[in-house]
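Visitor: I would like to go through this structure and ask what stands behind the words used for it.
Guide: Here it is, and the questions can follow.

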Amino acid sequence: MERLKLSLRYLRRNTSLAIGLGILVFLVLFTIIGYMVIDPLIDPYPLAGPASTAPTLNYCPRTDPECEKTEPKAYIFGTDAQGRDLLGVAVAGTWMTVQIGLMAGIIGLGFGAFLGFTSAFYGGWYDMIVRWAVDVMLTVPGLLLLVVIASSLGNQTITVTGMGLIIASIAWRGPARVIRSQVLSMRERPYVMMARLNGMGGMSIIFREMMPNLLPYLGAGLVDAVTAAIFASMGLAALGLGPLREPTLGVTIYWVINQSAFLRGLWWWGAVPIVIVALVFVMLFQISIGLDEVANPRVRRSQ
Amino acid sequence: MRYSWSFVIKRFGLMLLIIWSGATLNFFIPKLTPRNPLREKLLQEASRGGYIPPGFEEMVQAYEAKFGLDRSVWQQYLSYVQDMLRGDLGFSISNYPKTVWELILEGLPWTIGLLITTTLAAFLIGSLLGALMAWPKASKLFRYVLPTLLIFGAVPAYVIALTLIYFIAFRLHLLPIGGGHSIGVLPSWNMTFILDILQHALLPALALVLAGSGGWAIGMRGMMVTIQGEDYMTFAEAKGLKNWRLFYRYGVRNALLPQVTGLALALSFIVSGSVLVELVMGYPGIGTLLARSINQLDYFMIYGIVFVIITGIAITMFIMDMIYPLLDPRISYESK
């Protein structure tokens, strides 16, 4: 109870974190409640409902105008031109997009952190090769690398898991660089020297001694990696290289562009993914700023 | 002479390494997958007739021999590198008689024009707003600008572009909905055509500037806050200098230097920065070309565009690194 009060008091000071976590709670509740309402195997896919219906609470097919009294169906977010229920798309698509981001982010952070730790710790030729590889790979726009990978795989084979793996193949670059520079500054600290003198092996120094000290950075790094992964997955999907059969947010935006939803006046079709995407990115951005304040006390604004 | 030769050579080597890696990835990633674009294309053409003619396999083999695909991977790689060195990117599959390079040259001016303008505009607007936010004598209204800009900056530019299309172009009819110029207008160098182009470029530019200026504002605000604590600011104020002079000559001018480093970095992405915004707007640049090639499975086109963009980035980064010491006299690459 006391701890809860303390964390709430901290959140009042760290407004960014509070806003970010607030949106996170909202999205989690939306997904949980949404999954109770929709049928995730039918509603987010084509032909689940009537085509191009504006948001309505009591929908009646033209063949049965009397149903208003009996059992009208509600499409509170409307439906798209292929008859997907956009409420279903919003609920299932958000979760799928977050899944892709988490998968790619965690794999990328893990691999990147491993490269960063080992290259900074061991130095020498190995460090030089890793550094050049990261520098070169960071120069090449990630989206383009992904375009080459995804287009040579062919869009028939891409699933939600496949998408996560494709994105993970470039997600290690950022974490590798950040962790490497942190470890470089930490390598000469007295406690690492003590561990060396005690005859600890390289790997156990990295994992037992240095890793715990870098946990705040790894946490902030995870948020950044997930943000970058979601960004990349959405860009790739919007280009038409996503899991086209699944209703992820990026694929929904691809359909909105491809079928010119706005020019046909189907504003709700575009509004649903755009609002959720904006919420997701603002949430990640605020959490990232908030965590930065937790991780580096020097950033804390002097007010 | 502010450069040392070893630095120039090192940077040049890095540039070549980046270009070479881009070309190599382009060659080997498709080779690792089980797809065969040539067979797919032939199959697609053949099945238009309703059935697959006898001797289809021989045909595929004949074409593979013609394209040199029957040689060993290393021989193919060597001739691929030779082609790249000569700037020969091959032919487009879906617009056959045209070469990849011709099509890219058609799109490049549009992309570069749009991106140079928007990068500079975002830089100027963002820096100015950031400076005003940190300036105690400025209007309190600027306090609310940053959060708004930052929210725009967190959302991808093409999502902003989609929203703008709906409200500004579709609902209010203020600007054209898409494209680079009006259909049916012949490109020529007169006033109406230039105005037409500017009108079409305004919406994608607005999206890119909205998405881009938040980052500049944060950096500038931070620098301005630091600079206000400097002694020369207190001294200048004590001398009774005019407010705008304090702001521009003493504040902004000193705070701007670190921003310029960032600008150099941002300018190296002028070829790749707007791929998705162009796609959303139907703007006739490289991005739309890339999206169309992906939809038409035009592999040579996709790899060609990726290669050109990577090369562009590598070269601009090299040039920016060479220009930077000229801008900031405190930086020199001389060997100690």
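**Reasons behind the terms**

Guide: Of the contacts in chain B between residues at least 6 apart in sequence, 73% join residues at least 24 apart. This is a predicted model, with ipTM 0.83 and pTM 0.84.

Visitor: What makes two residues count as a contact in chain B?
Guide: Their C-beta atoms, placed from the backbone, must lie within 7 Å.

Visitor: How do you know what confidence chain B has in terms of pLDDT?
Guide: The scale of pLDDT runs from 0 to 100. On that scale the mean for chain B is 81, and 95% of its residues reach 70 or more. Among the elements of chain B, helix α5 (residues 100–134) has the highest mean, 88, and helix α2 (residues 37–46) the lowest, 74.

Visitor: Which elements does chain B have, helices or strands?
Guide: Chain B has 13 helices and 0 strands.

Visitor: How do you know how chain B stands against a compact globule?
Guide: The rule for a globule is 2.2 Å times the number of residues to the power 0.38. For 336 residues this gives a radius of gyration near 20 Å, but chain B has 25 Å. Along the principal axes, the C-alpha atoms of chain B fill a box of roughly 90 × 60 × 40 Å.

Visitor: What share of chain B is called buried?
Guide: A residue is buried if 20 or more other C-beta atoms lie within 10 Å of its own. Buried residues are 32% of the 336 in chain B.

Visitor: Which residues of α10(A) are buried?
Guide: Ile205(A), Ile206(A) and Met210(A) are buried in α10(A).

Visitor: Why are the buried residues of α10(A) said to line one face?
Guide: Seen down the axis of α10(A), the buried residues fall within an arc of 95°, so they line one face of the helix. They pack against α4, α8 and α9 of chain A. The face turned away from the buried side carries exposed residues, including Phe207(A) and Arg208(A).

Visitor: How do you know how the span of α10(A) stands against the expected one?
Guide: Helix α10 of chain A has 12 residues and reaches 16 Å from its first C-alpha to its last, close to the 16 Å expected at 1.5 Å a residue.

Visitor: How many residues does the contact take from each chain?
Guide: The contact takes 33 residues from chain A and 38 from chain B. By class, the side of chain B that touches chain A has 30 nonpolar, 7 polar and 1 charged residues.

Terms used: Residues are numbered from 1 along each chain as its sequence is written. Chains are lettered from A and ligands numbered from 1 in the order in which they are written. This is a predicted model: local features need pLDDT of at least 70, side-chain atom pairs count only at pLDDT 80 or more; totals for chains, interfaces and linings use all residues. Helices (H or I, at least four residues) and strands (E, at least two) are DSSP runs, numbered from the N terminus. The expected span of a helix is 1.5 Å times one less than its number of residues. A residue is buried if 20 or more other C-beta atoms lie within 10 Å of its own, exposed if 12 or fewer, and partly exposed in between; C-beta atoms are placed from the backbone. The arc is that of the directions from the helix axis to the C-beta atoms. Ala, Val, Leu, Ile, Met, Phe, Trp, Tyr, Cys and Pro count as nonpolar, Asp, Glu, Lys and Arg as charged, and the others, Gly among them, as polar. pLDDT is the predictor's confidence in each residue, from 0 to 100.
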